[in-house]
Amino acid sequence: MNNFIVLSGILIFVGIGLWSVSYIQLRSPFLEINRNIVTLDEKEANLKINANPDSKVEVWKHHKKLSREYTTDKYGMTKVKFYSPGDYELKTSKNNHIAKKKVYVKASKKYLRHKAHEELLKNNKNGVKEKLIITLKNLTWNKGQNDSEYSVSIEGITEPNIPVTISEEYDEKKIHSDEKGNFKIKWESYSNDASEITVYVINDVIKRLRKTEKKLK
């Protein structure tokens, strides 16, 4: 009988403890993320959030609350979108308590190229032009001696002594124009599937950009 009373007391004590923990959890804000570093694609990055059901999740950057906020579903799930790189903080609150998680968003090459293209369109709309001319009329793949390597010569003219970036989907190279603004590069590849080469220059002093694309034949 004594053992039964002791066992009953222990079970009651454990039950009260579990109930207390569950009660505190239900009344406290809960916020979990599946990773704290995300990479921007061309335009955005998504991050899965697990928080209290039907709760608001705020997005903060540089100690300022952004206008957009997200609401979790009845299971406490949602996705947060990021549109630019930097340090962010996610916040959710319940019963005057706040849960926080920090997130670092980094840029990818695809995102940087997209932003460069946006900058080009904006500058062109404002009448700003940066000198960039591809002097070769045709860009044609030349097959190497072992039939597994290909190359194309890209020649052009821009402002003197500035960076010139040449890229295609999976590769990127940077060179500089000479004192007269001429540049030349031999672009090499193991495949001739690429149909477009992008060339652009950015004047870092006045933040002007000019970009051109040439089709390969």
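A charge is said to sit over a ring when NZ of Lys or CZ of Arg is within 6 Å of the ring centre and within 35 degrees of the ring normal. In this predicted model, the charged end of Lys91 sits over the ring of Trp60, at 3.7 Å from the ring centre, and the charged end of Lys173 sits over the ring of Trp187, at 5.3 Å from the ring centre.

**The chain as a whole**

The secondary structure of the chain comes to two helices and 16 strands, and of its 217 residues, 32% are buried. Among contacts with a separation of 6 or more, 53% are made by residues that stand 24 or more positions apart in the chain.

**The nonpolar cores**

In soluble globular proteins, nonpolar side chains tend to be buried together. The largest nonpolar core here has 19 residues, and the members that touch the most other members are Leu47, Ile49, Phe82, Leu90 and Val103. Two or more residues of this core come from each of strand 1 (31-33), strand 3 (45-51), strand 4 (56-61), strand 6 (77-82), strand 7 (86-94) and strand 8 (97-106), and strand 3 contributes the most, namely four residues. A second core, separate from this one, has 17 residues, including Ile154, Ile162, Phe183 and Trp187.

Leaving aside residues up to four places away in sequence, Val103 touches Ile33, Asn36, Val38, Leu47, Phe82, Gly86, Asp87, Tyr88 and Leu90. Two of these partners, Phe82 and Tyr88, are also found together in the one aromatic pair that the structure holds. Their arrangement is edge-to-face, with 4.8 Å from centre to centre and 65 degrees between the planes. Phe82 counts as buried because its relative accessibility is 0%, and Tyr88 is likewise buried, with a relative accessible area of 4%.

**The open sheet**

Strands of a sheet pair through backbone hydrogen bonds, either parallel or antiparallel. In this model, five strands form an open sheet in the order 2-8-7-4-5, with mixed pairing. Its edges are strand 2 (37-39) and strand 5 (64-71), each of which pairs on one side only, and from one strand to the next the twist averages 30 degrees. Strand 4 and strand 5 run antiparallel and are joined by five bridges; Lys56 has Thr71 of strand 5 as its bridge partner.

Thr71 is also one of the residues touched by Thr78, whose other contacts, not counting residues up to four places away in sequence, are Leu47, Lys48, Ile49, Tyr70 and Thr72. Thr78 is found in strand 6. Is Thr78 buried or exposed? With a relative accessible area of 16%, Thr78 is buried, because the cut-off for burial is under 20%.

**Two loop residues with positive phi**

Most residues other than glycine have a negative phi. The table sets out two residues for which the value is positive, together with their places and accessibility.

| Residue | Phi | Loop | Relative accessibility |
|---|---|---|---|
| Asp54 | near 55 degrees | between strand 3 and strand 4 | 59%, exposed |
| Asn95 | near 50 degrees | between strand 7 and strand 8 | 37%, partly exposed |

Asp54 counts as exposed because its relative accessible area is 59%, which lies over the 50% cut-off. Asn95, at 37%, is partly exposed.

How values were computed:
Residues numbered from 1 in each chain as written. Predicted model: local features only at pLDDT ≥ 70, side-chain atom pairs only at ≥ 80, totals over all residues. Heavy atoms only, no water. Core = buried A, V, L, I, M, F, W, Y, C linked by side-chain atoms within 4.5 Å. Buried < 20%, exposed > 50% of the residue type's maximum accessible area, 1.4 Å probe, protein only. Contact = heavy atoms within 4.5 Å. Pairing = 2+ DSSP bridges. Axes fitted to C-alpha atoms, helices over the stretch in contact; angles between N-to-C directions. Phe/Tyr/Trp six-rings, centres within 6.5 Å; stacked < 30°, edge-to-face > 60°.
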